[in-house]
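Got your viewer ready? Load the structure and follow along, one selection at a time.

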Amino acid sequence: MIENKIKTLRQAAKVSTMQDSDEIWCVIAGNEEMVNTIAYEAILDKERVKILCREHIITRESFVTKTSDFIMLYGETDKIRDLSLISKENGGAYLKIAPYYVEEESDLMLIVGPEDNIKKFLGDVEKSTVKASFLLEDKTTGFVESDVYITRWLPNFIRNIVDPLFKMADVALSTVLLSTSEEYKEKIKEIANSNKIFVIRFKEILKEE
């Protein structure tokens, strides 16, 4: 069921850019180096695009620490398209959010985290009493940095061999945009936190804009 829903989400992602608009929102997620590049390009062209927020995400599972970044932008459609191409070329995930969603959906929430955690989150939401619509989804195809911190206590010569293997582990990162209502937002945050993924309410970003 989840896999079918993901296919539906990807179809919806294509619809999001069909509406003509001079300015749109965009969320880009991936490794720190890629997001640094996006931020740099946005700063250079700050008259056309604005950085709304940037977050560094750290998740720990067993002995593995996974680190990633995401950035939220608002600006001219052409500039956002250029930045999303940089993300695509470097294996990042990106969502282009057209004004249609902001105007028509009641309460938008952005969810970001490792793909396995996101799948578990989606399943937990479906099994709960929460009412939510999953609008857009994308995932990384590149590397997200990971570190096995138990290796800190290994001899240096062993750690020098082991660390690079884990740091280049192919960890998929997913981003999901969903719509809910005021009464369910706290429950969604609770489910997101229990699955160790990042959640942000879109209205909070709009207030700061």
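Here is a short tour of this predicted model, going from cysteines to a helix and then to a sheet.

**Stop one: the cysteines.** Select C26 and color it. C26 is buried because its relative accessibility is 0%. Now add C53: at a relative accessible area of 11%, C53 falls under the 20% cut-off, so C53 is buried as well. Don't go hunting for disulfides, though, as the structure holds zero of them.

**Stop two: helix α3.** Select residues 77–89. These 13 residues make up α3, which reaches 18 Å from first C-alpha to last, close to the 18 Å expected at 1.5 Å a residue. Show its side chains and pick out the buried ones: T77, K79, I80, L83, S84, I86 and S87. Then step just past the end of α3 to G91, where phi is positive, at about 75°.

**Stop three: the sheet.** Which strands form the open sheet, and in what order? There are four, running β6-β8-β5-β9, with antiparallel pairing. Highlight 133–139 and 198–201 to see the edge strands, β6 and β9, each pairing on one side only. On average, neighbouring strands here are turned by 15° against each other, ignoring direction.

Zoom in on β5 (107–114) and β8 (173–180), an antiparallel pair joined over eight bridges. One spot to click is P114, whose bridge partner in β8 is L173.

**Stop four: helices on the sheet.** Select 115–127 for α5, which packs on the sheet and touches β5, β6 and β8. The direction of α5 makes about 140° with that of β5. Finish with α7, residues 185–194, lying across β5, β8 and β9 and running at about 0° to β5.

Key. Residues numbered from 1 in each chain as written. Predicted model: local features only at pLDDT ≥ 70, side-chain atom pairs only at ≥ 80, totals over all residues. Heavy atoms only, no water. Disulfide = S-S within 2.5 Å. Buried < 20%, exposed > 50% of the residue type's maximum accessible area, 1.4 Å probe, protein only. Helix = DSSP H or I, 4+ residues; strand = E, 2+ residues; numbered from the N terminus. Expected span 1.5 Å × (residues − 1). Pairing = 2+ DSSP bridges. Axes fitted to C-alpha atoms, helices over the stretch in contact; angles between N-to-C directions. Contact = heavy atoms within 4.5 Å.
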